[in-house]
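Please open the structure in a viewer and keep the selection panel at hand. The tour below proceeds from one selection to the next.

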Amino acid sequence: MEKFDIIVIGAGPGGYVAAIRAAQLGMKCAVVERESLGGICLNWGCIPTKALLKSAESYSTAMKGAEYGFSAENVKADISSIVARSRNVAATMSKGIEYLFKKNGVTVIAGEAKLRKDGSQAVVDVTAADGEQTSYCATHTVIATGAKAASLPFASIDGKKILGYRNALVPESLPASMAVIGSGAIGSELAFFYASLGVDVTIIEFMDRLLPLEDDEASAQLSRSFRKRGIKVMVSSAVKSVDTSGEGVALKVDTKKGEVELKADVVLSAVGIVPNTGGIGLEDLGIECVRGRIPVDAHYKTSFEGVYAIGDVIATPALAHVASAEAINCIENIAGLNPEPVDYGIVPSCTYTCPQVASVGLNERTAKEKGVAYKAGKFPFTASGKATASGEREGFVKILADPDTDRILGASMVGENVTEMLSTISVAMKMKATVRDIMSVIFPHPTMSEAIMEAASAVHGEAVHI
């Protein structure tokens, strides 16, 4: 039985980062992956969706070319070419992970992994595509198996009329209409994508706002923007049944005004994710999940000696960048480097709709729920010269600060490219900066990022452009 210092199960943004960092620290490392290197993020999530969204944004810009002073006649969206580009982007990134593994001497083991107890150690049995099974052991094993799409009990994903995100990323043709159940990042981004290409989209959300975890004003802004694009928005609405027996899909939805019936060619189920913790041998190791997730300590250790878990399989934010941060922290702890713990109070959240939505730290709703006192400053992009010149005036930047210490508590942003601006706030929070520290920085003019300085100034009532 071949032995490694570390075996990582799963090659997504948690797993591949863990494997590479372990190899960099001189450990003999292997990673087990049953599908494509890069996991869901690189192959069926973060990366290919952004490629699709870029195509949708480009198409939308071309369609309103007259606003920018050029002719854009006979512009057509070719869905097969759009999908092909997206898949090529994903394949390119997956090959990049393969290169990094080779560069760092990480052994790749293709197959399905299952843990079992052998005395006091964990053994990893890997079943290859041809059914052959090989066993491996390691001093440390890291579980990074990620998650899969959840589905409603009465609306199981069939890939034809009821789609999961994988199906939605590779359509052979565009439906005339689509109902999207769930308005988190996946639901909102794909609703925007399909609507941009001419599909009649209705988005249905159980909570009272889109992107329920975001700032209320950010949710309201996205809702207005969606409606302007022709997307029908139904909030405080619960899907009660889905009937696929006829042509298309018939949905019954409970709303504040009573039950309504909707019809659509297809339904996209975007109701969340389920951790991939089943069938990987946790029971044999005596590891009991809590609501489907693996309990770990501050260093990502499970209850079984030498076995760790990171990413979507544990009860932390299910985001690719969180998994990567946990991976580095976990491996460096194993190596005895005593790294600083992951700060879950400064986790950025990004949604790549148009306009984009980005946030970090507290928003007004969460501050009130936690009883945290705050002062808020807000700057609208309607007052931004760069936003006006770009024709992208929707949205705002809002900053919350502690009224006593002036420390930044969080920020919420809606607008063009705000996902690229957000890290300014993340760094400031990490460095324990104050609002006046932000105000004292000279931001380049004209830029969208000036809105950060202006929002900071607005906290103290000193903004000069609003």
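In this tour, contact means heavy atoms within 4.5 Å. The model is predicted.

**Stop 1: helix H14**

Select residues 450–459, which form helix H14. Ten of the ten residues are buried, so the helix is largely enclosed by the rest of the structure. The buried residues include Glu450 and Glu454, as well as Ile452, Met453 and Val459. Which elements do the buried residues of H14 pack against? They pack against strands E20, E21 and E22 and against helices H11 (418–421), H12 and H13 (435–439).

Next, display the two ends of the helix. In the loop between H13 and H14 lies Pro446, which is joined to His445 by a cis peptide bond with omega at about -5°. On the other side, H14 is followed by Gly461, whose phi is positive, near 70°.

**Stop 2: the five-stranded sheet**

Select strands E18, E19, E20, E21 and E22. They form an open antiparallel sheet in the order E18-E19-E22-E21-E20. Which strands stand at the edges? The edge positions belong to E18 (349–351) and E20 (375–380); each has a single partner strand, so one side of each is left without a neighbour in the sheet. Neighbouring strands are turned against each other by 10° on average, direction ignored.

For one pairing in detail, select E21 (residues 396–401) with E22 (residues 408–415): these strands pair in the antiparallel sense over six bridges. Leu400 has Gly410 of E22 as its bridge partner.

Now add helix H12 (residues 423–430). H12 lies across E19 (356–361), E21 and E22, and runs at about 180° to E22.

Finally, select Pro355 in the loop between E18 and E19. The peptide bond from Cys354 to Pro355 is cis, with omega near 0°.

**Stop 3: the annotated binding site**

Select Gly182, Ser183, Gly184, Ala185, Ile186, Gly187, Ser188, Glu189, Glu205 and Gly272, which an unreviewed UniProt entry annotates as "binding site". These residues are spread over 91 residues of sequence, yet they cluster in space, with a largest C-alpha distance of 13.9 Å.

Two members of this selection lie in helix H6 and can be examined in turn. Ala185 is found in H6 (residues 185–196). Is Glu189, also placed in H6, buried or exposed? Glu189 is buried, because its relative accessible area is 7% and the cut-off for burial is under 20%. Ala185, by contrast, counts as partly exposed at 31% relative accessibility.

Show the surroundings of both residues, setting aside sequence neighbours up to four places away. Ala185 touches Leu211 and Thr351. Glu189 is in contact with Thr49, Lys50, Leu53, Cys350, Thr351, Tyr352 and Thr353.

From Ala185, move to its contact Leu211, located in the loop between strand E10 (200–204) and helix H7 (216–228). Leu211 is buried, with a relative accessible area of 4%. Its phi is near 40°, a positive value in a residue other than glycine. For another such backbone value, select Ser236, with phi near 50°, in the loop between strand E11 (232–234) and strand E12 (238–243).

**Stop 4: helices H3 and H4**

Select helix H3 (residues 46–63) and helix H4 (residues 79–104), whose axes come within 8 Å and cross at roughly 145°. The crossing is right-handed. On the H3 side, the contact is made by Ile47, Pro48, Ala51, Leu52, Lys54 and Ser55; H4 contributes Ile82, Val83, Arg85, Ser86, Arg87, Val89, Ala90 and Met93. By class, this contact has nine nonpolar, two polar and three charged residues.

**Stop 5: Thr107**

Conclude at Thr107, in strand E3 (residues 107–110). Thr107 counts as partly exposed, at 32% relative accessibility. Which residues does Thr107 touch, not counting those up to four places away in sequence? They are Phe4, Cys29, Ala30 and Val31. As a last selection, add Ile7: Thr107 and Ile7 are 100 residues apart in sequence and 9.3 Å apart in space, C-alpha to C-alpha.

Terms used: Residues are numbered from 1 along each chain as its sequence is written. This is a predicted model: local features need pLDDT of at least 70, side-chain atom pairs count only at pLDDT 80 or more; totals for chains, interfaces and linings use all residues. Side-chain values use heavy atoms; hydrogens and water are left out. Axes are lines fitted to C-alpha atoms, for helices over the stretch in contact, and angles run from 0 to 180 degrees between N-to-C directions. Helices (H or I, at least four residues) and strands (E, at least two) are DSSP runs, numbered from the N terminus. A crossing is left-handed if the near helix is turned anticlockwise from the far one by less than a right angle, and right-handed if clockwise. Ala, Val, Leu, Ile, Met, Phe, Trp, Tyr, Cys and Pro count as nonpolar, Asp, Glu, Lys and Arg as charged, and the others, Gly among them, as polar. UniProt positions are given in the numbering used here, feature names are shortened, and annotations may be inferred rather than shown by experiment. Buried means under 20% relative accessible area, exposed over 50%, partly exposed in between (1.4 Å probe, protein chains only). Two strands pair if DSSP finds at least two bridges between them.
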